[in-house]
Amino acid sequence: MPDMPQAMPPRVQREITRHGKVVYYVRPQHQGRRIRMHQEPFSKEWWAEYNAIMTGQPVPQTAEQVKKAPVKGNLSWLIAQYRQSGDWARLSIATRKNRENIYRNIVAQAGDVPYDRITRTDVVRGQERRASKPFAARDYLKALRALFKWAVANQHAKYNPTEGVRAITPKNDGFHTWTEGEIARFREYWPMGTRERLAFEVLLNTGLRRGDAVKLGRQHIKHGVLTIKTEKTGDEVSIPVLPDLAEAIRVSPTGDLALIVGKRGRPFVKESFGTAFREACGAAGVPGSAHGLRKAAAVRLAENGATVHQLMAWFGWTDDSMAKIYTRTADRRRMALEAGDLWERPPAPKISRPHPKKRAK
């Protein structure tokens, strides 16, 4: 009898490439990014690799990977060590994916440079090369800062060349913040009961990032409050289910474990959801995005008097810098409107009083 195929462990997927090669992937988190396995299938090393991926531990390297390993002391070696560390494993999947792209570009440009020769000037020049894309320059600095902070803490480096380097301040606010007119236009085009309207109400009424919005399900809602652990920071947020969202959930088609689903009833990954939502915005004639609705939610709360700490709790921010931006903007707008009332008031009339006559001597 032919050998029976071995059963796949949880979250492992077997695929055949277009070249006929069998490959295996692991998806450690539900709807998260897949990680390809490199060891001989079902060998002792393969199981060790699988366990490392599932638990977020450093993944053992294959013999071929060891041969191609970067030279110790070079920047590519330092990056490889950092990506095997617990600090790296504790980052969110989204952050790791972003920084992997940054580190890949750094290795391609300067991977053979000894990392102990990198100076503050080199970091500044790296930022200047990305000056036309200020958000990319900011992410580049964050990635290098995290790398060298880890290197110093683990005695690989004596100093951190990113210390004292200021990030390039973007001239714009990034994602477009939805206006009240755009919000009304989207709602007019996509009525209650459509999947697009449900996605919209989830984003606006919760302020969740798209990666958290696609994971939100009925299991997260109890007694009128939704509680979910955020993907980016791992912190738990609790948000009241507002009336518009409650109505959208009641009348819209939803999935079993995820409220937002596609036409076939399947949950989204955040990338495909972002694309689908942009298409819905285009159909409605609004220039919005998922993250722009998060900003609109923050503006609404701030303008209605939410405090810095209330905004931090609602949006899961770990420091007060973002919350202060919204509250400062709201305070300025409020004060400007109050100043408008003063403009309409007529100035108080001046009353002239005669000087008392001097006494005659």
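Two strands pair if DSSP finds at least two bridges between them. The legends below describe close-up views of a predicted model.

**View 1. The whole protein, counted by its parts.** The predicted model holds 15 helices and 6 strands. The protein has 361 residues, and 37% of these count as buried. Now take the contacts in the protein with a separation of 6 or more. Residues 24 or more positions apart account for 55% of them.

**View 2. Strands S4 and S5 form a hairpin.** Strands of a sheet pair through backbone hydrogen bonds, either parallel or antiparallel. Here the sense is antiparallel: S4 (residues 221-222) and S5 (residues 225-229) pair over 2 bridges. Which residue of S5 stands opposite Lys222? Look for Val225. The hairpin has 2 residues between its strands. In the turn, His223 has a positive phi of about 55°.

**View 3. Strands S5 and S6 make another hairpin.** S6 covers residues 236-240, and 5 bridges join S5 to this strand. S5 and S6 run antiparallel. Val225 stands opposite Pro240 in S6. Further along, Thr227 faces Ser238, again in S6. Between the strands of this hairpin lie 6 residues. Gly234 takes a positive phi near 80° in this hairpin.

**View 4. S4, S5 and S6 together form an open sheet.** The order of the 3 strands is S4-S5-S6, and their pairing is antiparallel. Why is one side of S4 and of S6 left without a neighbour in the sheet? S4 and S6 stand at the edges and each has a single partner strand, so one side of each has no neighbour in the sheet. Now follow the side chains. In a regular strand they alternate between the two faces of the sheet. S5 has a covered face with Leu226 and Ile228. The uncovered face of S5 carries Val225, Thr227 and Lys229.

**View 5. Ala246 sits in helix H11.** This helix spans residues 243-251. Is Ala246 buried or partly exposed? Its relative accessibility is 37%, so Ala246 counts as partly exposed. Buried would need a value under 20%. Now find Gly224, which is 22 residues from Ala246 along the chain. The C-alpha atoms of these two residues are separated by 8.6 Å.

**View 6. S1, S2 and S3 form an open sheet, and helix H1 packs on it.** The 3 strands have the order S1-S2-S3, with antiparallel pairing. S1 (12-16) and S3 (35-36) stand at the edges with a single partner strand each, so each has one side without a neighbour in the sheet. S2 covers residues 22-26, and S1 pairs with S2 over 5 bridges in the antiparallel sense. One pair to find is Glu15 and its bridge partner in S2, Val23. Helix H1 (residues 44-55) touches S1, S2 and S3. The direction of H1 makes about 30° with that of S2.

**View 7. Helices H8 and H9 pack against each other.** Two packed helices are described by the angle between their axes and the distance between the axes. H8 runs over residues 180-189, and H9 over residues 195-206. The angle is about 150°, and the axes lie 9 Å apart. Angles over 145 degrees count as roughly antiparallel. H8 and H9 are therefore roughly antiparallel to each other. The crossing of H8 past H9 is left-handed. From H8 come Ile183, Phe186 and Arg187. In H9 these residues meet Glu196, Arg197, Phe200, Glu201, Leu204 and Asn205. How many nonpolar, polar and charged residues make up this contact of H8 with H9? The contact has 4 nonpolar, 1 polar and 4 charged.

**View 8. Helix H9 crosses helix H13.** H13 spans residues 290-303. The axes of H9 and H13 come within 7 Å and cross at roughly 40°. That angle makes H9 oblique to H13. H9 passes H13 in a right-handed crossing. Phe200, Leu203 and Leu204 reach across from H9. Their partners in H13 are Ala290, Leu293, Ala296, Ala297 and Arg300. The contact of H9 with H13 divides into 7 nonpolar, no polar and 1 charged residue. Look again at Phe200 and Leu204. In H9 they meet residues of H13, and they also meet residues of H8.

Notes: Residues numbered from 1 in each chain as written. Predicted model: local features only at pLDDT ≥ 70, side-chain atom pairs only at ≥ 80, totals over all residues. Heavy atoms only, no water. Axes fitted to C-alpha atoms, helices over the stretch in contact; angles between N-to-C directions. Helix = DSSP H or I, 4+ residues; strand = E, 2+ residues; numbered from the N terminus. Parallel < 35°, antiparallel > 145°, perpendicular 65-115°, else oblique. Left-handed = near helix turned anticlockwise from the far one by under 90°. Contact = heavy atoms within 4.5 Å. Nonpolar A, V, L, I, M, F, W, Y, C, P; charged D, E, K, R; others polar. Buried < 20%, exposed > 50% of the residue type's maximum accessible area, 1.4 Å probe, protein only.
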